[in-house]
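Reader: Could you walk me through this one feature by feature? I'd like the general idea each time, and then the case at hand.

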Amino acid sequence: MIQIGQKAIQIWLVRHGQTEGNKLQILQGQDDGQLSALGVKQAEALGKRIKKENFDIVFVSDLARTKQTFELIQKHHTKQMIPNFEPLLREKHAGNIRIIIWCFVGIKFSFTQKNGCRIRS
């Protein structure tokens, strides 16, 4: 909740559902991706959970995975929400990158396109 003068503004942040790339541990960056079966279930569940919430304005990234998530949420919502598709909501662009994550958190490693992930001592 953000207080601006006498008014309180509530901001909701929603991440897209799981994608096929997420399932394969692929960093998708700004590439489009489709929701997996689990991602569809996640979006549907959130849509049902927040169906009676009143949103004055909705911003959605212009990527396919976020549009698909929004549409599945909207399907259950009692009030029609008109999305503002915004490319500035995409994650930071790191180049043309589709790297599979094979490394484990907490282990020191180095990564190169040529050699992939290598554990360091």
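What follows is a talk about reading this model, from the overall layout down to single residues.

Author: Sure. Keep in mind that this is a predicted model.

Reader: Let's begin with the layout. How many helices and strands does the protein have, and in what order do the elements run?

Author: Count the elements, then read their order. Here there are three helices and six strands. Starting from the N terminus, the order is β-β-α-α-β-α-β-β-β.

Reader: And how do I get a feel for the fold as a whole? What share of the residues counts as buried?

Author: Burial is one handle, and 30% of the 121 residues count as buried. Contacts are another: among those with a separation of 6 or more, 61% join residues 24 or more positions apart. Then there's the surface, with an accessible area of about 9,300 Å², 56% of it belonging to carbon and sulfur atoms.

Reader: Which residues does UniProt place in the "active site" feature?

Author: The record, an unreviewed entry, puts that feature at His16 and Glu91. With annotated positions, ask whether they come together in space. These span 76 residues in sequence, yet no two of their C-alpha atoms are more than 12.1 Å apart, so they gather at one spot.

Reader: Where does each of them sit, His16 and Glu91?

Author: Both are in loops: His16 between strand E2 (7-9) and helix H1 (20-23), Glu91 between strand E4 (83-85) and strand E5 (109-112). Their accessibility is worth a look too. His16 has 14% relative accessibility, so it counts as buried, the cut-off being under 20%. Glu91, at 46%, counts as partly exposed.

Reader: What is His16 in contact with, beyond its neighbours in sequence?

Author: Skip residues within four places in sequence, and you're left with Asn22, Arg65, Thr66 and Thr69. With Arg65 there's a polar contact, side chain to side chain, at 3.3 Å.

Reader: Let me follow Thr66 from that list. Which element is Thr66 found in, and is Thr66 buried or exposed?

Author: Thr66 is in helix H3, and its 16% relative accessibility makes it buried. Besides His16, Thr66 is in contact with Val60 and Ser61, again leaving aside neighbours within four places. You can also compare sequence distance with distance in space: Thr66 and Gln34 are 32 residues apart along the chain, with their C-alpha atoms 9.0 Å apart.

Reader: What about H3 as a whole? How many of its residues are buried?

Author: For a helix, count its buried residues and then look for the cover. Nine of the 11 residues of H3 (residues 64-74) are buried, so this helix is largely enclosed by the rest of the structure. Among the buried ones are Arg65, Phe70, Leu72 and Ile73. The cover includes H2, strand E3 (58-60) and E4.

Reader: Since H2 is part of that cover, what does Val40 in helix H2 (residues 37-49) show?

Author: Val40 is in contact with Gln68 and Leu72, along with Leu35, when neighbours within four places are left aside. Its relative accessible area of 26% makes Val40 partly exposed.

Reader: Now the charges. How many salt bridges does the structure hold?

Author: Two. For each one, check the gap between the atoms and where the partners lie. Glu20 pairs with Lys23, the closest N and O atoms being 3.1 Å apart. Both lie in helix H1, three residues apart, about one turn of the helix.

Reader: And the other one?

Author: That's Lys75 with Glu44, where the closest N and O atoms are 2.8 Å apart. This pair links distant parts of the chain, with Lys75 in the loop between H3 and E4, Glu44 in helix H2, and 31 residues separating them. Lys75 is exposed at 54% relative accessible area, whereas Glu44 is buried at 16%. Glu44 also contacts Leu72 and His76.

Reader: Last one: which residues make the nonpolar surface patch?

Author: Look for nonpolar side chains that are accessible and close to one another. Ile4, Ile9, Ile11 and Leu13 make a patch of about 440 Å². Take Ile11, in the loop between E2 and H1: its relative accessible area is 55%, so Ile11 counts as exposed.

Note on methods
Residues numbered from 1 in each chain as written. Predicted model: local features only at pLDDT ≥ 70, side-chain atom pairs only at ≥ 80, totals over all residues. Heavy atoms only, no water. UniProt positions renumbered as here; feature names shortened; annotations may be inferred. Helix = DSSP H or I, 4+ residues; strand = E, 2+ residues; numbered from the N terminus. Buried < 20%, exposed > 50% of the residue type's maximum accessible area, 1.4 Å probe, protein only. Contact = heavy atoms within 4.5 Å. Polar contact = N/O pair within 3.5 Å; in protein donor to acceptor, adjacent residues only side chain to side chain. Patch = residues over 30% accessible without salt bridge, like charges linked within 9 Å, V, L, I, M, F, W, Y side chains within 5 Å. Areas by Shrake-Rupley, 256 points an atom, 1.4 Å probe, with all protein chains shown as cover. Salt bridge = Lys/Arg side-chain N within 4 Å of Asp/Glu carboxyl O.
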